[in-house]
Amino acid sequence: YHHLQDSRNTVGNIPMQWYDDFPHIGYNLDGKPIAKPIRNKDELDKFLNKMDNPEYWRTIFDKTTGRDHVLTQEELTLINRVQKGSFYDASYDPYEPYVDFFTHEKMIHPVSNYPEHKRSFTPSLVEKRKVGKLVHAIKMGWLKVGQPKKEEDEEIKFYDLWADSHSELARQKMHVPAPKMKLPGHEGSYNPAPEFLPTEEEIAQWKEDEPEDRKLDFVPQKHDALRRVPQYPMFIQERFARCLDLYLCPRQRKMKFNVNPDDLIPELPKPRDLRPFPTVQALCYRGHQAMVRTISVDATGQWLASGSDDGIVRVWEVSTARCVREVSLGKNQPIKCLAWCPNPSVCLLAIATIFDDKILFFSQFFKRFFFKRISRIFIFKRIFSTDIKNKSSQRVDRRHFKPIHWRPAEKVELFNYIFVIQMKVFVVSKVTWHAKGDYFAAVVPNNGNAQVFLHQLTKRRSQNPFSKCKGAVQSVLFHPNRPFFFVATQRYVRVYNLVKQQLSKKLFSNSQWISSLSIHPGGDNLIVGSYDCRLSWFDMDLSTKPYRTMRYHKRAIRACCFHRKYPIFASAGDDGSIVVSHGMVYSDLMQNPLIVPVKVLKGHKVERNLGVLDCCFHPHQPWIFSSAADNTIRLFS
């Protein structure tokens, strides 16, 4: 009644205290807000209004409008009737006479006059048998009367989902019904509508299209009677294709797991907890006029040797970046590789150039007593790639006979070199030392089966350890403490046992072209860099495939190296960056190595699409040296 009386506020039957903090109290029929009236009366004003206003006793406050409302006489009557418990409508008579819609008198014709059946007066024989069975069960004790029946819990039947085909229930659960064929439409009718019949151009286009590009497998045709419809020529082919789809297309139910993507990311330690590792550039070594292809640090960590395309070998003091020695091999003799002898008691530097067929040995401090000691050891002697100690038992094939000469430096070379290994026709691309400093290996590319040579300094001997080389050799490496020899071809790394003289293991790099490799000081882990931007970590005790493949570089990887003391390794690429990673190898064989990238070092410029060409760690400090195509060498500490 109140809603019909006052319909200005359309908010409905809601608590009006919701509008206490708003300047309006609701909305009218037009959707506009209804402003609250100003009510600034205090208690004194209310008292005066009570004394002066004769209508005060029938005035109430309406919450929906926020205004005072004076009750009419009709509203007062309604309130009085509700308070007395009477009906709100005065015209309603609750005591009006009762109208009997159904008569109490018996009529002649009842609604149903169907006579009772005879069997309703005789006892039932079926019920008699049931009662007899129940009585017999009670007498025998099979049925206990008066005890509530216990509800037996239904046992849950489990089935083996991954069992063989013997489990019929599992087969039914995993069955996926085959999809049904598409039902024919109006175009498949024998008398289709004109809009479904193709034109001559559409028929010609349908014949030119490939079978998989056609919308329909047939051309709709019109026949005046069903008996004139010919046999469908493609019926057998379509049935056969349908049988092939049902037989060859696999249908299986895939188990979907709700996996949180954050759970798949391994929890790696923070880089600041893995210190020390190089973070900033400390020194820059300048002086070369061409790109610096190779660098090497001596065993003491005091001297750094570098070779450049300008044909000059420079020896730098690590702490001051001062060039203490400069050896020129000629403008047309770019330095391909150089390596310090790891034996600290012998100060020797092996140098290999690109277009020369010699391995040069250089000493930084070329003093008289040192030269006398070296000259006593390395006396001129000519030996060959095959061991001919017992000429009667071995025959040498003269077609593959490649001489190698050990000779002291000539008078012209005496100022720079101590002695020279003359390789004759061979061009050496890589020189690698053994950890003890007595043996070193040289790689001679494109030389058939004689691509690797092993040399011994103390006995002045050279030999070709392989009678047949499988693939183009890219790099070689000695095991730090075991008689193993690593030979890297373009896609594989073969591990040979030098004592047993047999192939021990073959590592698959999963890359197209291997560029460099380095071994962990422990000897059980190996990293391999490739020109397709991949750095592979091998755990040789675990598998012959990479334990982890890292793609941190955008261009080819030129060099990679391990630190001798600290658990860090690095890789350098043509993108001008050096990625330093933490690689902890645990003594517990059940625990996998921890590999975490910690720093990307930048500072070199990319020139002629070449970036960092070589990198190596300091033997004692967590520092790294890098050489690049911008003619500089940088030290990061």
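The following exchange concerns how certain residues of this predicted model are classified.

Me: Why is Lys 128 called exposed?

Reply: A residue counts as exposed when its relative accessible area is over 50%. Lys 128 has 62% relative accessibility, and therefore it is exposed. Lys 128 lies in helix H4, which covers residues 125–140. On the surface, Lys 128 belongs to a patch of positive charge together with Arg 129, Lys 130 and Lys 133.

Me: What makes Arg 325 a buried residue?

Reply: The term buried requires a relative accessible area under 20%. Arg 325 has 15%, so it is buried. Arg 325 is part of strand S9 (residues 322–328). Its C-alpha atom is 5.1 Å from that of Val 315, and the two residues are 10 apart along the chain.

Me: Why is Cys 323 called partly exposed, and why is Cys 337 called buried?

Reply: Partly exposed denotes the range between the buried limit of 20% and the exposed limit of 50%. Cys 323, at 27%, falls in that range and is therefore partly exposed. Cys 337, at 6%, is under the 20% limit, so it is buried.

Me: How many disulfides are counted?

Reply: A disulfide requires two cysteine sulfur atoms within 2.5 Å. By this rule, the count is zero.

Me: What makes the backbone at Arg 608 noteworthy?

Reply: Most residues other than glycine have a negative phi. The phi of Arg 608, however, is near 55°, a positive value. Arg 608 sits in the loop between strand S31 (594–602) and strand S32 (612–617). Its relative accessibility is 56%, which is over 50%, so Arg 608 is exposed.

Terms used
Residues numbered from 1 in each chain as written. Predicted model: local features only at pLDDT ≥ 70, side-chain atom pairs only at ≥ 80, totals over all residues. Heavy atoms only, no water. Patch = residues over 30% accessible without salt bridge, like charges linked within 9 Å, V, L, I, M, F, W, Y side chains within 5 Å. Areas by Shrake-Rupley, 256 points an atom, 1.4 Å probe, with all protein chains shown as cover. Salt bridge = Lys/Arg side-chain N within 4 Å of Asp/Glu carboxyl O. Lys, Arg positive; Asp, Glu negative; His and termini not counted. Charge placed at Lys NZ, Arg CZ, Asp CG, Glu CD. Helix = DSSP H or I, 4+ residues; strand = E, 2+ residues; numbered from the N terminus. Buried < 20%, exposed > 50% of the residue type's maximum accessible area, 1.4 Å probe, protein only.
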